[in-house]
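Dear colleague,

Please find below the structure that I am handing over to you, together with its sequence. My notes on the side-chain contacts follow it.

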Amino acid sequence: MKSYIKSNFIKIKNTSFLVVHSLSAVLFPMLLSLYWIQRGHINENTALFSYFQIVGVLLPFASSIVSVQLKNLEEESGKFKYLLGYSQSNYKPFFVELVFLWLCYSIVLLTSFSLFGIIMITNGIRVNLLFVLLALLFYIILAFIVYILNHIISYLYSTGVVLGISMIGVIIAAFCETSLGDRVWFLIPWSWLLRISDILFNQQKIGVTQLFVMVIISLVLFFFHKYVFQNWNQERLSDG
């Protein structure tokens with residue numbers, strides 16, 4: 001597994017994939033911090049909530065972009081022969097690719113929030129470390145499900161369709177933040193991060209039934225991911 005992850009790091013070297021992640025980790029927290037500093041009278045809860053809300057609403061689109069980008073890099077490097085040629089399992093390389101995408105997101109999230117937190121603290125904002133760590137933990141765990149969903153979509157459809165679906169995901173996630181989404185948000189993985197931030201920061205309640213449904217959907221997506229890529233072949237790829 002280490003060799004597969006290492007090969008993915010080699011693959012993204014000197015590509016826009018690495019540039020996009022690096023810029024996201026630095027520019028986003030700096031711009032958001034600048035916004036709050038210019039406003040003045042920064043409220044700890046509001047500033048932190050805005051950070052997680054922005055990450056939550058943009059993740060469906062951002063994860064689709066990087067999933068498509070990594071798929072295209074693999075295709076360009078040899079029509080997937082490097083991805084599939086050195087493994088007896090058809091699924092393992094794709095699962096490692098999924099884990100790699102998720103690890104990149106996790107690194108960016110932790111780096112980005114660390115920078116945001118440092119800037120906030122230097123401007124006199126108190127940050128509850130345990131609370132922040134809990135929020136980051138939820139955002140890392142639940143993001144894995146979002147990446148599973150978008151990883152599947154990125155291989156089944158062309159680039160244009162994938163980006164279109166991801167934009168719909170952003171709209172749906174935002175829609176589920178309204179009262180109209182109260183009864184359906186837990187059925188849509190794209191909306192989970194936004195709702196979790198509401199639960200953590202605004203003390204909204206979450207029922208046992210909702211948690212159970214989220215677990216079931218997560219398992220269904222995982223097994224569907226395995227089914228798709230265990231039986232995947234190059235001819236099924238939709239070119240963008």
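The model is a predicted one, and a search across the whole of it gives 2 salt bridges. As background, side chains of opposite charge can pair when their charged atoms come close.

One of the salt bridges is formed by R195 and E177, whose closest N and O atoms are 4.0 Å apart. These partners belong to distant parts of the chain, 18 residues apart: R195 sits in helix α8 (residues 192–202), while E177 sits in the loop between α7 (159–175) and α8. R195 has a relative accessible area of 5% and is therefore buried, the limit for that class being under 20%. E177, in contrast, is partly exposed, with a relative accessible area of 25%.

In the other salt bridge, R195 meets the side chain of D182, with an N to O distance of 2.5 Å. This pair also links distant parts of the chain, since D182 is in the loop between α7 and α8 and R195 is in helix α8, 13 residues apart. D182 has a relative accessibility of 36% and so counts as partly exposed. Through shared partners, the salt bridges join E177, D182 and R195 into one network.

I turn next to the aromatic side chains. The search of the whole structure finds 22 aromatic pairs. One of them consists of F28 and Y51, with the ring centres 5.2 Å apart and 35 degrees between the planes, a tilted arrangement. F28 lies in helix α2 (residues 16–39) and Y51 in helix α3 (residues 44–76), so this pair ties together parts that are 23 residues apart in sequence. F28 is partly exposed, at 22% relative accessible area, whereas Y51 is buried, at 1%.

Which residues form one aromatic cluster with F28 and Y51? The other members are F49, F52, F113, F116, F131, Y139 and F201.

When you open the model, you may wish to begin with R195 and its salt-bridge partners E177 and D182. The aromatic pair of F28 and Y51 may then serve as an entry to the cluster to which both residues belong.

With kind regards

Methods:
Residues numbered from 1 in each chain as written. Predicted model: local features only at pLDDT ≥ 70, side-chain atom pairs only at ≥ 80, totals over all residues. Heavy atoms only, no water. Helix = DSSP H or I, 4+ residues; strand = E, 2+ residues; numbered from the N terminus. Buried < 20%, exposed > 50% of the residue type's maximum accessible area, 1.4 Å probe, protein only. Phe/Tyr/Trp six-rings, centres within 6.5 Å; stacked < 30°, edge-to-face > 60°.
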